[in-house]
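Biologist: I have a model open here and some questions about it. Can you walk me through it?
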2 protein chains.
Amino acid sequence: MTEPGTGPGAGGESLLFLTDEQLRKGIEAMFFAYRGFTADPDRILDGMDYGRAHHRALHFIHRAPGTTVNNLLSILGVTKQSLNRVLRTLIEDGLVESRVGRQDKRERHLVLTPKGEDLERQLSDAQRARMRAAYRAAGPVAVQGFRTVLEAMMDPELRRQYQTLKEAGA
Amino acid sequence: MTEPGTGPGAGGESLLFLTDEQLRKGIEAMFFAYRGFTADPDRILDGMDYGRAHHRALHFIHRAPGTTVNNLLSILGVTKQSLNRVLRTLIEDGLVESRVGRQDKRERHLVLTPKGEDLERQLSDAQRARMRAAYRAAGPVAVQGFRTVLEAMMDPELRRQYQTLKEAGA
DNA sequence: TTGGAAAGTCAACAAGGCTGACGTAAATTC
DNA sequence: GAATTTACGTCAGCCTTGTTGACTTTCCAA
């Protein structure tokens with residue numbers, strides 16, 4: 001198997017990494033890696049009455065406490081009916097609290113309850129553990145490249161969303 | 001969750017890239033990037049009577065012509081009933097041909113028809129175009145890191161599958 | 001010849017997407 | 001102050017793609 005190498009020297013930058021063959025490997029790597037990426041939370045959620053959609057909602061509410069429904073909608077990229085089904089069960093089960101807005105009373109601000117935080121932590125601990133193992137095995141330079149390629153792969157609008165979140169967290 | 005500063009690691013290698021904060025960014029990057037990753041084929045398939053599951057089947061049959069149903073099953077990680085539904089429509093529509101095995105006549109060997117190759121090419125062209133743009137923007141070093149981290153993120157069994165495919169293609 | 005693997009089928013169901021229509025309250029605009 | 005827009009919720013129905021379970025047919029191999 002031919003390897004592109006990182007180029008013999010800074011100047012002679014080979015374009016071998018752009019062959020269809022290399023691109024195909026990247027595509028398949030994304031496919032298989034994403035399975036691993038979701039496997040651990042999925043396993044935890046299996047058996048509970050929740051699924052991946054609930055995980056995503058918990059994650060982003062945890063990330064941006066007090067976010068509005070509309071905001072969450074645009075981050076998750078689903079319809080309000082779809083999100084509502086998920087949100088309703090989380091609220092009913094006491095994992096999420098929906099607070100009427102103070103300035104704008106039409107808005108609902110979403111926050112995790114302690115119980116919601118518990119589940120979120122359980123899920124993200126599992127997901128982070130895998131990510132940590134992968135990062136550690138790959139090393140900081142690889143991680144940097146990983147992030148760079150992923151960002152370049154996003155749709156421009158999603159990239160903006162991602163960067164907003166990214167900065168908000170730091 | 002407290003995180004270490006610069007680790008006392010060998011060679012003065014910082015462990016800052018392993019903080020929960022960094023890991024969270026990686027997780028969110030995966031989430032948003034995967035959306036971009038599937039967006040173009042999804043758009044093409046929308047309107048046809050096919051979906052992402054059909055795309056995956058076409059991809060791997062194209063990759064490994066003559067593969068058996070069982071083999072495809074283990075690559076895709078779905079049940080035979082689920083795959084069968086997809087496969088049946090593809091066969092009915094003349095995109096995939098199912099050939100009875102010569103040695104083992106219980107097996108069905110799957111190959112794409114010219115019509116199937118057409119659609120597969122259309123889909124993978126779109127997906128490769130995005131991947132190529134991302135690779136080009138990120139550069140060969142980043143791409144190397146990208147692939148390294150993705151491989152480290154896979155379940156061991158899936159990694160073996162991936163590597164088998166990877167070598168088979170080169 | 002018989003057990004079991006491979007493939008396929010039917011039925012039923014669930015998660016999680018989607019559209020369309022409708023209702024309500026609050027904010028904004030005219 | 002009335003009309004419109006916005007934010008949210010909900011009902012109803014549909015689609016894709018996953019699941020289990022039960023069953024049959026084919027056919028290799030012990």
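Biologist: In what order do the three strands of the open sheet in chain B come?

Modeller: The order is S1-S3-S2, and the pairing is antiparallel. Strands pair here if DSSP finds at least two bridges between them. Strands (E, at least two residues) and helices (H or I, at least four) are DSSP runs, numbered from the N terminus. This is a predicted model: local features need pLDDT of at least 70, side-chain atom pairs count only at pLDDT 80 or more, and totals for chains, interfaces and linings use all residues. Residues are numbered from 1 along each chain as its sequence is written, while chains are lettered from A and ligands numbered from 1 in the order in which they are written.

Biologist: Which strands stand at the edges in chain B?

Modeller: Strand S1 (67-68) and strand S2 (96-100) of chain B. Each has a single partner strand, so one side of each has no neighbour in the sheet.

Biologist: How many bridges join S2(B) to S3(B)?

Modeller: Five, and strand S3 covers residues 108-112 of chain B. B:Ser98 has B:Leu110 as its bridge partner in S3(B).

Biologist: Which helix packs on that sheet?

Modeller: Helix H2 (residues 52-63) of chain B, touching S1, S2 and S3 of chain B. The direction of H2 makes about 100° with that of S3(B). Such angles run from 0 to 180 degrees between N-to-C directions, with axes as lines fitted to C-alpha atoms, for helices over the stretch in contact.

Biologist: New topic. What turn lays chain B on chain A?

Modeller: A turn of 180°, with a shift of 0.0 Å along the axis and an RMSD of 0.1 Å. The two copies are thus related as by a two-fold rotation axis. The fit is least squares on C-alpha atoms of residues with pLDDT of at least 70 in both copies.

Biologist: Which residue of chain B comes closest to the rotation axis?

Modeller: B:Phe146, with its C-alpha at 1.8 Å. The same surface serves both copies: 98% of the contact residues of chain B recur in chain A.

Biologist: How many residues does the contact take from each chain?

Modeller: 56 from chain B and 60 from chain A. Two residues are in contact if their C-beta atoms, placed from the backbone, lie within 7 Å. H1(B) gives the largest share of chain B's side, 17 residues. By class, that side has 30 nonpolar, 10 polar and 16 charged residues. Ala, Val, Leu, Ile, Met, Phe, Trp, Tyr, Cys and Pro count as nonpolar, Asp, Glu, Lys and Arg as charged, and the others, Gly among them, as polar.

Biologist: And the DNA? Which residues come nearest to strand D?

Modeller: A:Asn70, B:Gly51, B:Ala53, B:Thr79 and B:Ser82, of 23 residues around DNA strand D. A residue is near a strand if its C-beta atom, placed from the backbone, lies within 6 Å of it. H4(A) gives the largest share of this surface, four residues. The classes there are three nonpolar, 10 polar and 10 charged.

Biologist: What about strand C: which residues are the closest?

Modeller: A:Gly51, A:Val78, A:Thr79, B:Asn70 and B:Glu107, with 23 residues surrounding DNA strand C. H4(B) gives the most to that surface, with four residues.

Biologist: Last one. What is the mean pLDDT of chain A?

Modeller: 91, and 92% of the residues of chain A reach 70 or more. pLDDT is the predictor's confidence in each residue, from 0 to 100. Over residues 1-12 of chain A the pLDDT is below 50. Where pLDDT is low, the predicted coordinates should not be read in detail.
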